[in-house]
Amino acid sequence: VKQCLKRPKPKKLYPSYVLPGYEMGCKSTTPCRIRIRYGRTYQLLVRYHTESYLQDLLKGAINLDPKDPDDRNELEFRRNVYCKAVKGMRPDDMPTSERDSWRQSAATEALKFCHDVEQVLWSEYRVVLPAKRCTRDEDRLFVRRQLKEIVGLGEFSQDPEAAEDPEEKAVSSAVYLQSCAVQEVIVWVPCGLVEGNVEFWDLPGRDTGRAELERQEGLRSAKRLLVLTDNEL
């Protein structure tokens, strides 16, 4: 909430959108399903997967073929989940010796999730910004920052010395690890485009390696589709 309370400098321009974008340095801007609904104030509801879902996801990686182009992204996604949920580390920090053997370990060993991930499984929590607390621009910026961290697009560091506020950094690290267990995020925004029971779903693309079933569920539920592609296509 600290960022929300900081008043902007005069004439400072804020982004006019709420979802994370490429200007944040993100490889993928939709790691999980994000649903946009109308609300009088900005709100966030985060829902997490169950323990059995993550267990099945990781154990099923042994059945995927690393040489198959269709399985490659999915394997990379599941490796990222394994690093965060089981090892409690960034995927980039995984030892080279384990990058080929983790699938076997996940399939044969009893998986124990790290504390930060275990405590949010099968749960949900809501962030509500009271009306007239800040300007709408400030609220939108705050929600974007929160959303970026929740879905795992923020920075991660286990070094308390790297932050001005070590306690705040520890919370950010925990949120980064917990991002692998996020099932979906619902965002309420005071925007006329989604008034009247209209709901906008932002689904993971094929380059994210997210489970295909999740995309299929979103496609079956949609009444209208908006598809974004490379301009080269």
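Accessible areas come from the Shrake-Rupley method with a 1.4 Å probe, and for residues only the protein chains shown count as cover. On that basis the protein chain exposes about 14,400 Å², of which carbon and sulfur atoms supply 49%. The structure is a predicted model, in which local features need pLDDT of at least 70 and side-chain atom pairs count only at pLDDT 80 or more, while totals for chains, interfaces and linings use all residues. Residues are numbered from 1 along each chain as its sequence is written, and side-chain values use heavy atoms, with hydrogens and water left out.

**Overall make-up**

The protein chain has 8 helices and 5 strands. Helices (H or I, at least four residues) and strands (E, at least two) are DSSP runs, numbered from the N terminus. Along the sequence their pattern is α-β-β-α-α-α-α-β-α-α-β-β-α. Of the 233 residues, 44% count as buried; buried means under 20% relative accessible area, exposed over 50%, and partly exposed in between (1.4 Å probe, protein chains only). Contact means heavy atoms within 4.5 Å. Among contacts between residues at least 6 apart in sequence, 79% join residues at least 24 apart.

**The sheet**

The 5 strands form an open sheet in the order 3-2-4-1-5, with mixed pairing. Strand 3 (124-128) and strand 5 (200-202) stand at the edges with a single partner strand each, so one side of each has no neighbour in the sheet. Neighbouring strands are turned by 15° against each other on average, direction ignored; the axes behind such angles are lines fitted to C-alpha atoms, for helices over the stretch in contact, and angles run from 0 to 180 degrees between N-to-C directions.

Two strands pair if DSSP finds at least two bridges between them. Strand 4 pairs with strand 1 (residues 33-38) in the parallel sense over 6 bridges. Strand 4 is also joined to strand 2 (residues 43-48) by 6 bridges, and these two run antiparallel. Opposite Val185 of strand 4 stands Ile34, and Val185 is also the bridge partner of Val46. Further along, Trp188 in strand 4 has Arg37 opposite. Of the 8 residues of strand 4 (residues 182-189), 7 are buried, so the strand is largely enclosed by the rest of the structure.

**Nonpolar core and helix 3**

A nonpolar core is a set of buried Ala, Val, Leu, Ile, Met, Phe, Trp, Tyr and Cys residues joined through side-chain atoms within 4.5 Å. The largest one holds 48 residues, and Leu58, Val117, Val185 and Val187 touch the most other members. Elements that give two or more residues to this core include strand 1, strand 2, helix 2 (51-59), helix 7 (166-178) and strand 4. Helix 3 gives the largest share, 7 residues. Apart from neighbours within four places in sequence, Val117 is in contact with Leu54, Lys84, Ala85, Leu177, Gln178, Cys180 and Ala181.

Helix 3 (residues 69-87) has 19 residues, and at 1.5 Å a residue these should span 27 Å; the end C-alpha atoms are 26 Å apart, which agrees. The expected span is 1.5 Å times one less than the number of residues. The buried residues of helix 3 include charged ones, among them Asp71, Glu74, Arg78 and Arg79, as well as Leu75, Phe77 and Val81. Just after helix 3, Gly88 takes a positive phi of about 65°.

**Loops**

Most residues other than glycine have a negative phi, and most peptide bonds are trans. Trp122 has a positive phi although it is not a glycine, and Asn197 is likewise a residue other than glycine with a positive value. The table sets out their places along with that of Arg40.

| Residue | Loop between | Relative accessibility |
|---|---|---|
| Arg40 | strand 1 and strand 2 | 74%, exposed |
| Trp122 (phi about 55°) | helix 5 (115-118) and strand 3 | 72%, exposed |
| Asn197 (phi near 65°) | strand 4 and strand 5 | 83%, exposed |

Leaving aside neighbours within four places in sequence, Arg40 is in contact with Arg136 and Pro190. Arg40 and Pro190 lie 150 residues apart in sequence, yet their C-alpha atoms are 5.1 Å apart in space.
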